[in-house]
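Biologist: I am new to this structure, and I would love a close look at one part of it: the place where the two chains meet. Could you walk me through that part and then show me what else is worth finding?

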Amino acid sequence: MKKLIFLFILTFACVAGFSQDPQSKEMTREQVLDMSVDELSQLPLEDLMAAMDLMGVSSMEELTNLLINKGVSSASKRVENAFDSPLASTTLTKEEIEMSGATTIEEALRLVPGVIVREKTNGNFDVHLRGLDNLPQKNMLIYSENTNTLLMIDGRPVFNYVHGGIVWETLPVGFADIDRIEVVRGPASALYGPNAVNGVINIITEKTNESSSLVSGSAQMGTQNTYTGDIAMRKDWGNGITTAVTSNYQHRERDTEEIYVFGKEGMSLPDNSGGRNVFNEGRFFTLEQYERLVDANGLPISDPLDDIDELFQEPELARENYGINGYVGYNPEGIASFDLSGGYQNSYVNSSTLGDPPTSLGGRKSNTWYGNLQAAIGRLKLQTNYTGGTQNFATGDQGFKIDMGQFNASAEFDWQIKSLNLRPGVSFQSASYDDSPYLKEDESGYLNGKKELNTLAGSLRADYLAFGKLRLIAALRAEKYNYPDKLYGSWQFAGTLPIGERQRIRAVYSRANRSSFIINSHSNYTWDREGRMPPRFIHFAGNEDYDLMTVDMIELGYRVRPANNIVLEAEVFGSDSRNYGALMPSSTTLHLSPEIFQYAENEMMMLMATQPRTNIVYQNMKLDARQIGASVSMDWVLSSKLIAKMHATWQKTTLQDFSPYTRDEIIEMQMMSLAQQIEPNAMEIMTGQLTELSTSAKPEDLQDDVEHKSTPSLWGMVSLTYKPIEKVEISSYGYYLSEQTFANQYASQTIDPKFILNIKANYKVNNYAKVFVNARNILNDNSNEFAFMDKVGGIYLIGLRFNY
Amino acid sequence: MKKIVILLLLSLMATSPASSQMSQFKALFLFNFAKNVNWPDNGGSPDFVITVIGNNELAEELKGLAKIRKINNSNLVIKEARNAEEISDSHIIYISTTQSSLMPIVASYQKDKPVLIVADKQGLCAQGAAISFFTATGKLKFEICPRNVESHGLKFSQRLVALGNVVQ
């Protein structure tokens, strides 16, 4: 099917490609060049425009406008020069994305300073902004997800409020939709609400106008059975009405069907001759091997209650997703404009699990739809949207499939009084999740019903230009949550000062917080571990009253434009984050009866007979993370044929009050401390006087000044784009990540430094079609970029881009 | 060797000569806009004033034009300003790309005055510009917002609207 679609797009593009160029004008370029200013000034506007068209905008001028004089709208909620932006912000245009050869939105973010992008499986990425990742560590893989960055599409949050984080494959949009991606670094809750802790990624879709191509898109195919495609059809109907329909598709496979199983002391695989191969370290196994793996006690590593074929329905698949979107714009004469969009996406990926299995890989399926309405009535901006659908966060695992609904509504007023801009606003969000439709009578989900998170917020932003040049900004936002039932404040104070035309210095102090997530407030999941290492039951419980993770940050920035074709930027930041929390062991209970002593000869069997039950509850911890860092970046249009860009970020994160124990070590400590009390209390147990032993004791020792190694200390990118002749463009970029050490509840892994080199070469067939070859990771460095995940290696593609 | 590298870098960083041609055309466009808009009784002033913010090259081109051409028999006077407060009574105010952030402030200061505000970045009509230049597919284009022309009490020719990208 995918090949058919690809061929269809290819055929269409070729037909479009061989169409003829538009007709030429009556005046010649030479005639225009010969005209004096006086003569030109006497031309009527139509002829002047025709003359200008003949002269054309120089490539240099166009590139300078594109790369050096970019606009950004997310830092102040209105378009301004990125050079003047009060916050650390970057705009990535569709032209830059196309140039880079990125095949996913996530990968394109490697072009943005401060963004850490690590591939997990072919086309599935971890994306973090500045860091604070894997905190708290030594717990489930969900704590590796980025819960600190708010992702929006046209201002609509696309965020997973179940676990926190961004489920990237559920983005309904593809490259054909995108006009630009804006990234604001640093806390921005005062502007956008919770979860903009380390920043905001705002994907802004293209507006259709009379210059828009009727049909445009691209398609490519390559190794590891990688196929991607996107298409957009746009039409300006006149009278202020525009429409667009877009679609995107990805199919990407892994180069293995094996899965990574976390290491365990004495883990072994029985061989055919009655012996055992022992593996103390984690590694990749086939599904058949995974089912046969046992621990040192001979108990199975995999969950005997699991159906492996359900867990890994297509182990060779990395990512398959498609999305369709529709846009209607109505801008009647007058003061109002309306933009309505809606769409649907369907996705299935094998990536890092959001569950708690002994493997790092898990399946995730989503089919969601959305509707989004934006209206501007004079200076009043209104937005409302709804996202609904079904998501299965761990395919084949009971209780992870849910119906979701997310409603947002906001109103803001943009009020300019001379040099003062005031922007008051209100917003409401309701996110509901329900697992009950997918639970059979005797099954336990992790919510067991419909749960809701509601947030009501009020905000005010003031932006004042003092003395004609000193810009001062204060933004305040108050949020009332239902869980926890608390009021939170976030703020941002910023100032920018121009030094002449070519330099800007700026400073920011801001505070932001995460929102509540469903698993933190409403988990209610009983995990029956029958046949595996004790505890027999682990119950995960939410906590309706806890403190939300909060960060304070100070940042200083400097921008300079030494010439019109180069811009340099530097930022230095320091932050302090606290109120971290996790689903952590609270208590463990052994159920005692005289019968347990029949296993007195085997301590493990006796412990199993007590049917230990551990209660895991979401709770805050004392952990405090202090980060200092700096980013530098450069965009340089050396000539109309050569463009150079680079960025680099250095950071250091130090942890205070850090608990060095893994979740499972605490469970084991609790269980073993209780097990040791069995023998001294044997008489009471035998007589039935003692039927239960319980403890909530936990190791209290904490460490200070611990270097947090999960975030690379250095990462960045260097890119060069060379256009030797009009029809040929070769672009390359290298992305570097320094060493990182990742730790979860089962193991830790150190990832070696990695340099990923990508090259794309385009040939412009005519004004309607380009063909290209695209090599991602051309050096085929197949070391893994994310702990316990795939060694993806190089992917080599051919493709074409068309517009008509 | 070091000197050669430095010279090479300096030459690469130098401004392209193409930008002066662009400034010349933008000056001609401004001149043409002036001819295609009717100001109420020409503001009572004998001069037709264009104020330029943040583009010396364009100001120089306009000054050259002012020596040879008039607008409706009025002398063309070119002024330069660094911020919104410095702007004196003008018929046209041009805000350069690099000074785009001043757009909403200038619009607020000039509210209800008979002035045509021309910006140089796509999307600035939403912040009060009547006309804003942008480049697309190798061509210089402009967006025009009739509402932001009329709200300043100006009338414009339909020819101007027909040649621009109309935004509301």
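Modeller: Happy to. Chain A and chain B bury about 4800 Å² between them, and 57% of that area is on carbon and sulfur atoms. Please keep in mind that this is a predicted model. On the side of chain A, the residues that lose the most area to chain B are A:Leu45, A:Met49 and A:Met52, which together make up 13% of what that side buries. Counted by contacts, 58 residues of chain A touch 53 residues of chain B.

Now for the polar links across this boundary. There is 1 salt bridge between chain A and chain B. To find it on your screen, look for the side chains of A:Glu46 and B:Arg159, which meet at 3.5 Å, N to O. Between the two chains there are also 14 residue pairs in polar contact, with both residues at pLDDT 80 or more.

Which parts of chain A supply this surface? Several elements each give at least two residues to the side that touches chain B. Among them are the helices α2 (29–34), α3 (37–41), α4 (45–55) and α5 (59–67). Strands take part as well, with β2 (80–81), β22 (415–417), β30 (550–563) and β34 of chain A each supplying at least two residues. The element that gives the most is α4(A), with 8 residues. By residue type, the side of chain A that touches chain B divides into 26 nonpolar, 16 polar and 16 charged residues.

With the boundary in view, let us turn to the enclosed spaces. The count comes to 17 cavities of 30 Å³ or more. The largest cavity has a volume of about 300 Å³. It is lined by 23 residues, and the closest to its centre are A:Lys70, A:Thr90, A:Glu569, A:Ser633 and A:Asp635. The elements of chain A that give two or more residues to this lining are β3 (88–93), β31 (566–578), β34 (624–639) and β35 (642–656). You have already met β34 of chain A, which also supplies at least two residues of the side that touches chain B. The most, however, comes from β3(A), with 4 residues. The lining of the largest cavity is made up of 12 nonpolar, 5 polar and 6 charged residues.

The second largest cavity holds about 180 Å³ of space. Of the 18 residues that line it, A:Val158, A:Phe159, A:Thr170, A:Thr387 and A:Met404 are the closest to its centre. Here β7 (156–157), β19 (361–377), β20 (380–392) and β21 (401–413) of chain A each supply at least two residues of the lining. With 3 residues, β19(A) gives the most to the lining of the second largest cavity. This lining divides into 10 nonpolar, 7 polar and 1 charged.

Finally, here are a few backbone details to look for in the loops of chain A. A cis peptide bond joins A:Tyr483 and A:Pro484, with omega at about -5°. You can find A:Pro484 in the loop between β25 (470–481) and β26 (487–499) of chain A. Another cis peptide bond runs from A:Pro534 to A:Pro535, where omega is near 10°. That A:Pro535 sits in the loop between β28 (524–528) and β29 (537–541) of chain A. Last on this tour, A:Gln611 is not a glycine, yet it has a positive phi of about 45°. Look for A:Gln611 in the loop between α12 (603–609) and β33 (613–620) of chain A.

Terms used: Residues are numbered from 1 along each chain as its sequence is written. Chains are lettered from A and ligands numbered from 1 in the order in which they are written. This is a predicted model: local features need pLDDT of at least 70, side-chain atom pairs count only at pLDDT 80 or more; totals for chains, interfaces and linings use all residues. Side-chain values use heavy atoms; hydrogens and water are left out. On a 1 Å grid over the protein atoms alone, a cavity is a set of points where a 1.4 Å probe fits but cannot get out, and a pocket is an open set with protein on both sides within 12 Å along at least five of seven lines; lining residues have an atom within 4 Å of a point. Grid points are joined across faces, edges and corners, and a volume is the space filled by probe spheres set on the points. Ala, Val, Leu, Ile, Met, Phe, Trp, Tyr, Cys and Pro count as nonpolar, Asp, Glu, Lys and Arg as charged, and the others, Gly among them, as polar. Contact means heavy atoms within 4.5 Å. Buried area is the accessible area (1.4 Å probe) that two parts lose on being put together, summed over both. A salt bridge is a side-chain nitrogen of Lys or Arg within 4 Å of a carboxyl oxygen of Asp or Glu. A polar contact is a pair of N or O atoms within 3.5 Å; within protein, one must be able to donate a hydrogen and the other to accept it, and residues adjacent in sequence count only if both atoms are side-chain atoms.
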